[in-house]
Structures are given as C-alpha cells and as structure tokens.
Amino acid sequence: MELLAPAGNLEKLENTIRFGADAVYCAAGAYSLRAAQTSFSLAELKQGLRFARAHGRKLYLAMNIFAFDRDLDGMIAYLEQAVRLGIDAVIISDPGLLHRINRRGINVRIHLSTQANTTNSDSVRFWQQQGVHRVILARELSLAQIGAIRSSVPGMELEAFVHGAMCIAYSGRCLLSQFMTGRSANRGDCTHPCRWEYHLRETTRREAQTISEDGRGTYILNSRDLCMIEHLPELAAAGVDSIKVEGRMKSAYYVAAVTRVYRAALDSLAGGHYAYRPEWLAELKKVSHRPYTTGFYFPEENAATEYTAGAAPLEGCAFIGTVEEHNQETNMLKVLGRNHFAVGDTVEILDPDRPGIVEFTIGRIINETGEELKAAHNSYVVHIPLAGEHAPAVGRHAILRKKSVHPE
C-alpha cells in the first residue's frame, strides 16, 4: 500500500518525505479545505515538486473546496499551471470542476476527495466512468464494506484514512463553523467549534447548566483521533491501495513522527514477516493527539468515536528543535530551537537516516557567541554536546523531542 502523508508547508513536505512517505498531498492556493494556513503558491509548489522528484516521491494537489461559480475560473487556471509543473494527481470533490477538467482536456489524474462521501460500489463505478482514477472513500465505511467495493470495482484505486483527526460531521460536511463564526468548514476555514465546551440554559432561567454525559464531561461533539496502526494487514486484505495520514495543520514533528511509524509497519508488512510491534503505538502516543479510536472500520466492536473528557490534546513528547549539523570531531549538535528546552532535559533524536532512537541528557547549551545558556527557546541557534564518546552520526534535519509535562 502507498503511504500518503500531509504537507502543510515546504518544511513539512520535506520532513514527511525524509521520514518515509511514498507520496504527499498539499493545498492548491485558496482552493483546499485547509486553505488559509497551508496554501502553496505556485512557486512553493514548484519547489516542493523538485524535492519530491529528487527523492522519487509523488505529489498530489488538493483542490477540494465546495466551489462557487466565482471559484471555477481561478481553479482551472491554477490547475493548468500545476499540471505543467508536473503534479501527479489533483484531489477534487466538485462535479462541476471535474466537468471543466474533462471539457478542457486537462491531462491529469483525478482523485475524488472524501468530501464526495463515496459509500457504495455503484458510486465508485459512476465516478470511474467520469474519468476518476482514485476514490478517497468516506470515513464512515467499515473494512467489510471497503472489501465489497474492491470486489465489485477491481479497476479503481481506493484510498482510506488511517490516522489523524476525525470530524463530527458526515464526511466532513459541517455547517457549525459557518453558522457560529461565519467561517465555512467547506471552504477551508473551519474554526473547529466541535472542540468547544458548551452550556445549556433553559429559556425561563438565567443560570446556565454545563452539559454532561454520564458524568464523563461536556465535549459531546469532540471526536477522537483515528489510529489504525494495529490493523494494516486488514486494510491490505480489504483492497486498499493507499493509506492516508491526516494533518496538514499539524507540526513538522507530528508528520515526521507519524510517517516514520507507518513506514516501519508497512515495510514489515511488505517484507512478508509482519508482526505488530507495541512500540509503534507507543511512538504514536508521543505526538499531540486525542485518545485513539479505530473509527468506523470495525462496527461490530462499537468503537468510541467521541472524546467527552475535554478538548486539550494529549502529548507524550514535545518537539524542541531540528539538527542543523553534527560535528563528529567535537561531537556537538548545532540545533535550531523550536520550543523551550533546558540543561538537564532528557532528549530523544528521531533521525530519518536511522531506524532507532538516540536518547541523551542535555549537559550544556552554548549559543553562537560561545556563551553558556541555561535554556533555549524557539528560533535560538545553539550547540549541544552529544553524550557518549562513540555517538552515532546524526543527520541534518533530524528531530529533537523531550518528554512532555502532559503525557497521556
């Protein structure tokens, strides 16, 4: 199966590829469901494509907003330029945009977004007849239903989400953000009101009552995060061609760490000697997440899909910096800080060039002028001695993390 991971910006695109993604997906200007925060200009898209090609990876362009008439000319103009740059596919949800692409004869592979909520074989067959090459299936499908679609339409590529945030609305079609804030989830501008805490007030009383659900909490619209790391063989058996990680809004550390785990699991599966390893799930608990669920894949297990205890995500480790250079003669790491860290912190290194994890304790922090610091922060460039006389070489772009004060 293809491992498809998110690219919210160029740094995340590069991290995702370094840590093992077969393909990345990124936002097309203002025409994606993560528009404002993760948009790629054509210049950035060109740069991202150059990096992907240099590493033998693919790049898919997301243009999956619910388009109005005023959007279509701009979408086609952007797409035609993106096709000339060499994108591998475009992700769309709007039939009108598909019609325009076909009418203009734009030579590009079409992936149908999960926003189209494709849930049955006849729908897949219909889209196949319209020139769609891959369907990103609705998240509400079970593995048995996916297997039935695969058997019925063997010629269509099928993609399914395996990890990341879920939505309380059906296939992400939510009006709550638009209604409450004027910012539409279907136009790339969701404010995530499903994560908020709500109170209930009876119209003849002044007092507001906190909504509770069997004493578990008040966040009744708040979804859990999807995690299928324990079930990759079942996804393969169901006929899934591409497994997708959600998270263009997440950090560079998040996409790197999650991609790294799924890459290891897929490599094990492809090697013919697959055995689930508990450390994979342990690693996935070290990134920012809500409690995990298998979503709708196993309806017979009645998996919980809502997290009612609160809105704050859990975090086993915090991303603190990236390695700019490892001087092996002095055994010093040059680090670009991305968060607070201090002398005495125990740190782990995730290196895209090495499968294991290196752990050490920060003994000294030295800035560019040679001054000793007790702590460093975001954007600091500092030098840290790597403990151990025979420490392995650490590659540029390796990630440093420390245990969070709010682990699961």
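**Group meeting: cavities, rings and strands**

Okay, let me start inside: the second largest cavity has a volume of about 40 Å³. Keep in mind as we go that this is a predicted model. Who sits around that cavity? The lining is made of Leu137, Ala138, Arg139, Leu141, Ile146, Ala160, Phe161 and Tyr297. Sorted by class, that gives seven nonpolar residues, no polar ones and one charged.

So how many cavities of 30 Å³ or more does the structure hold? Two. The largest has about 50 Å³ of space, and around it you'll find Arg139, Phe161, Met166, Leu226, Gly295, Phe296 and Tyr297. By class, that lining splits into five nonpolar, one polar and one charged. Arg139, Phe161 and Tyr297 turn up in both linings, by the way.

And have a look at how two of those residues are placed. The charged end of arginine 139 sits over the ring of phenylalanine 161, at 3.8 Å from the ring centre. There's another arrangement of that kind elsewhere: lysine 250 lies over the face of tyrosine 254, 4.1 Å from the centre of the ring.

Right, on to ring against ring. For anyone new to this, two numbers describe a pair of aromatic rings: how far apart the centres are, and the angle between the planes. The count here is five aromatic pairs. Take tyrosine 253 and phenylalanine 319: their ring centres are 5.8 Å apart and the planes are at 25°, so we call that pair stacked. Tyrosine 253 is in helix α10 and phenylalanine 319 is in strand β14, residues 317–327, so this pair ties together parts that are 66 residues apart in sequence. Are those two buried or exposed? Tyrosine 253 is buried, and phenylalanine 319 is too.

Now compare tyrosine 276 and tryptophan 280. Here the centres are 5.9 Å apart but the planes are at 75°, so that one's edge-to-face. On accessibility, tyrosine 276 is partly exposed, at 28% relative accessible area, while tryptophan 280 is buried, at 4%. Add Tyr274 to Tyr276 and Trp280 and you have one aromatic cluster.

Let me switch to open space. The second largest pocket holds about 320 Å³. It has 17 lining residues, and the ones nearest its centre are Arg260, Val261, Ala264, Arg354 and Pro355. Which elements give two or more residues to that lining? Those are α10, residues 252–270, and α11, residues 278–284. Helix α10 gives the most, with four residues. As for chemistry, the pocket lining has seven nonpolar, two polar and eight charged residues.

Last topic, the strands. There's an open sheet of eight, with antiparallel pairing, and the order goes β18-β17-β23-β14-β15-β22-β19-β20. At the edges are β18, residues 357–361, and β20, residues 372–373, each pairing on one side only. Further in, β19, residues 365–367, and β22, residues 381–385, run antiparallel and are joined by two bridges. One bridge partnership to click on is asparagine 367 with valine 382 in β22.

Then there's a parallel case: β1, residues 2–6, pairs with β2 over three bridges. There, proline 6 has tyrosine 25 of β2 as its bridge partner. And how covered is β2, residues 23–28? Mostly: six of its six residues are buried.

That's my tour, thanks for listening.

Methods. Residues numbered from 1 in each chain as written. Predicted model: local features only at pLDDT ≥ 70, side-chain atom pairs only at ≥ 80, totals over all residues. Heavy atoms only, no water. 1 Å grid on protein atoms, 1.4 Å probe; cavity = no way out; pocket = protein on both sides within 12 Å on 5 of 7 lines; lining within 4 Å. Points joined across faces, edges and corners; volume = space filled by probe spheres on them. Nonpolar A, V, L, I, M, F, W, Y, C, P; charged D, E, K, R; others polar. Phe/Tyr/Trp six-rings, centres within 6.5 Å; stacked < 30°, edge-to-face > 60°. Buried < 20%, exposed > 50% of the residue type's maximum accessible area, 1.4 Å probe, protein only. Lys NZ or Arg CZ within 6 Å of the ring centre and 35° of its normal. Pairing = 2+ DSSP bridges.
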